[in-house]
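Me: I am new to this structure and would like to go through it slowly, one question at a time. Could you reason through each answer before giving the name or value I ask for?

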Amino acid sequence: MEFGDVQETGEKNFPKQDETPIQYGTAGFRTKGSRLNHVIYRMGVLAAIRSATKSGATIGVMITASHNPEEDNGVKLVDPMGEMLGPEWEKYATEVANVPGSKLDVTLQELTKNLGVTSLQSSRVVFARDTRPSSPVLAAALEAGIKAAGAQCQNFGLLTTPQLHYIVRCINTNGQYGKPTEEGYFEKLSEAFVKLRNIRKAKKMKTLEVYNTCLYLDAANGVGAGKIPILQSKLGDLLKISLVNDGSGKLNHECGADFVKVQQKPPTGVNMVPGQRWASFDGDADRIVYYFMGVTDNRFYLLDGDKIATLVAGYLKDLVQETGLSLNLGLVQTAYANGSSTRYITDQLKVPVACVPTGVKHLHHKAQEFDIGVYFEANGHGTAIVSNSSYNLLQKTSQNTSISDHQSEACDLLLSVIDLINQTVGDAISDMLLVEMILAAQDWDVEQWNKAYTDLPNRQLKVKVKDRSVIQTTDAERKASSPVGLQSAIDESVAKYTHGRSFVRPSGTEDIVRVYAEADTQSAADKLANEVAVLVY
Ligand code: NG1
Ligand code: ZN
């Protein structure tokens, strides 16, 4: 294949802006929006090639930099079933993004030759963007790339990242997963939510006494904010969402899920009344954390990804038991999961738990080993996935007339819960509805949810070093394998603290090393984190 025209358009309209290399990592490409024009143009072409290698299946491209500051931007490719780009393609993305403009033609020629791609005529790419000021210009660059490659494209405008993932999966499963539109997305989620919430009424269970239908939501001034009114219009009184950081302020600035999780405090400027249930999305609405102020102690409590994961896994475990089917349920975490959560899952829930390296692709992959796999990063990114065979079994069993009503009802209920979950990727809107549904089903308030276990105090630090790649890790990032001596020094520090645990790893998205520490008190966790940070420095 020839890419002379692609190169010419690229050189003319999307020239390479600087020579600093850029890498496709866990979160795709992410940097200052002003550096990305040529990268995103080229990703349009690469997405078309990816589609050709998947027999013309639709590939998605999302323009966003998630929780990063407003001036940053980024791009991520979405594979046919709505998953993140296959990791084996990250190197192609990196190569295509970094070659000099004059070598784009030969690079693409070689790549398509090696991949056996002979035409991009039937390639299809869909895309969407978040609300960053640089996003419209970058979306135009992307469209130009897709068109220069000769592929068909469709622009979905402003969407949350998980909405685009959902749409890609719908398109490639001929609508079996749902209608491939934003309307279809809200229809599917809200119908499942309303059905699940109304089951309580249908069963004449006592009215809700503890669960409060009011939720206060910080949308990080991101793309999720504009979606809440659409959702709200479909939920009636079942959930009443009060929105702050609704898009009128600066994106992710002192607000949003990442701010709340890392700073362990509410978004700046909000007036939290003790007992209110609050949640924060991140900028592209694929993460969510909950929090509240204690009624009796006026303290701030965070219900992060670990607390959401345990709530969801506990609920699903009971429901699976009621179906009478032997489906194996498992939970996947990373080293950042609070030690108390892991203990609770193992000892109380008795659900198998796996630990994998940071990055959703690792969690998603591991979760696929279970019939029902729940995975969450502590930062609030997560979802649950169900194997096709388990889904089919549930469908078959729910229609089986020879089993008890109770069992078939449980299957039906579980199928609706699955409809409420965006299985393609962590989704703040879907996770929020899932949490709200479970809290209502248990008639719990946020304090009861929080009581399941008490987080060990913890601290995360960022350390700037000359070359973060000298730090290498093993055992799902829980141990440092290089430089020599670092791990034994960390072990020595950790041994001094009750319930001490600490690890370090180079960030995949920032030029820093992350230090994590937990211990029995906040001051001990802070001290341990500082001690370990010095070892890294
Ligand atoms: P890095 O920078 O590699 O730690 C961060 C998050 C990940 C993941 C990615 C992608 C933490 C500690 N790390 O990765 O969990 O979400 O960003 O957004 O939260
Ligand atoms: Zn995000």
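Me: How many residues does helix α18 have, and what distance does it reach from its first C-alpha to its last?
Reply: A caution comes first, since this is a predicted model. Helix α18 covers residues 522-536, and the span expected at 1.5 Å a residue is 21 Å. The distance from its first C-alpha to its last is close to that expectation, and the helix has 15 residues and reaches 21 Å.

Me: Within what arc do the buried residues of α18 fall, seen down the helix axis?
Reply: The buried residues of this helix are Ala 524, Ala 525, Leu 528, Ala 529, Val 532 and Val 536. Seen down the axis of α18, these residues line one face of the helix, because they fall within an arc of 135°.

Me: Which residues are exposed on the other side of α18, and which elements do its buried residues pack against?
Reply: On the side of α18 away from its buried residues, the exposed ones are Ser 523 and Val 534. As for the packing, the buried residues of α18 meet one helix, α17 (486-494), together with strands of the chain, and the full set is β15 (458-463), α17, β18 (501-506) and β19 (513-518).

Me: Which elements do the buried residues of α5 pack against?
Reply: Helix α5 covers residues 135-148, has 14 residues and reaches 20 Å, close to the 20 Å expected at 1.5 Å a residue. Its buried residues include Leu 138, Leu 142 and Ile 146. Those buried residues pack against α1 (4-13), α2 (37-53), β2 (58-63), β3 (72-78), β4 (124-129) and β5 (152-158).

Me: Which residue just after α5 takes a positive phi?
Reply: Helix α5 ends at residue 148, and the residue in question comes just after the helix. Its phi is about 85°, and the residue is Gly 150.

Me: Is Ser 55 buried or exposed?
Reply: Ser 55 is found in the loop between α2 and β2, and it has a positive phi of about 55° although it is not a glycine. A residue counts as exposed if 12 or fewer other C-beta atoms lie within 10 Å of its own. Ser 55 has 9 such neighbours, so it counts as exposed.

Me: Is Asn 252 buried or exposed?
Reply: Asn 252 lies in the loop between β7 (240-244) and α9 (256-263), and it has a positive phi of about 60° although it is not a glycine. The cut-off for a buried residue is 20 or more other C-beta atoms within 10 Å. Because Asn 252 has 25 of them, it is buried.

Me: Which residues does Val 312 touch, not counting those up to four places away in sequence?
Reply: Val 312 has its place in helix α10 (residues 305-323), and it is buried, with 22 other C-beta atoms within 10 Å. Not counting residues up to four places away in sequence, Val 312 touches Val 374, Ala 384, Leu 434 and Ile 438.

Me: With which residues is Tyr 453 in contact, leaving aside its neighbours within four places in sequence?
Reply: Tyr 453 is placed in the loop between α16 (446-450) and β15, and with 19 C-beta neighbours inside 10 Å it counts as partly exposed. Once the neighbours within four places in sequence are left aside, Tyr 453 is in contact with Ser 340, Ser 341 and Tyr 344.

Me: Which peptide bond is cis, with omega near 0°?
Reply: The bond involves Pro 483, which lies in the loop between β17 (479-482) and α17. With omega near 0°, the cis bond is the one from Ser 482 to Pro 483.

Me: What distance separates the centres of domain 1 and domain 3?
Reply: The domain assignment gives domain 1 as 4-158 and domain 3 as 305-450, and it also includes domain 2 and domain 4. Between domain 1 and domain 3, 5 residues of the former are in contact with 6 residues of the latter. Taken over C-alpha atoms, the centres of domain 1 and domain 3 are separated by 34 Å.

Me: How many polar residues are in the shell around ligand 1?
Reply: Ligand 1 is surrounded by 14 residues, and the closest are Ala 27, Asn 379, Ser 507, Gly 508 and Thr 509. By class, the shell has 2 nonpolar and 3 charged residues, while the number of polar residues is 9.

Terms used:
Residues are numbered from 1 along each chain as its sequence is written. Chains are lettered from A and ligands numbered from 1 in the order in which they are written. This is a predicted model: local features need pLDDT of at least 70, side-chain atom pairs count only at pLDDT 80 or more; totals for chains, interfaces and linings use all residues. Domain bounds come from an automatic or database domain assignment. Two residues are in contact if their C-beta atoms, placed from the backbone, lie within 7 Å. Helices (H or I, at least four residues) and strands (E, at least two) are DSSP runs, numbered from the N terminus. The expected span of a helix is 1.5 Å times one less than its number of residues. The arc is that of the directions from the helix axis to the C-beta atoms. A residue is near a molecule or strand if its C-beta atom, placed from the backbone, lies within 6 Å of it. Ala, Val, Leu, Ile, Met, Phe, Trp, Tyr, Cys and Pro count as nonpolar, Asp, Glu, Lys and Arg as charged, and the others, Gly among them, as polar.
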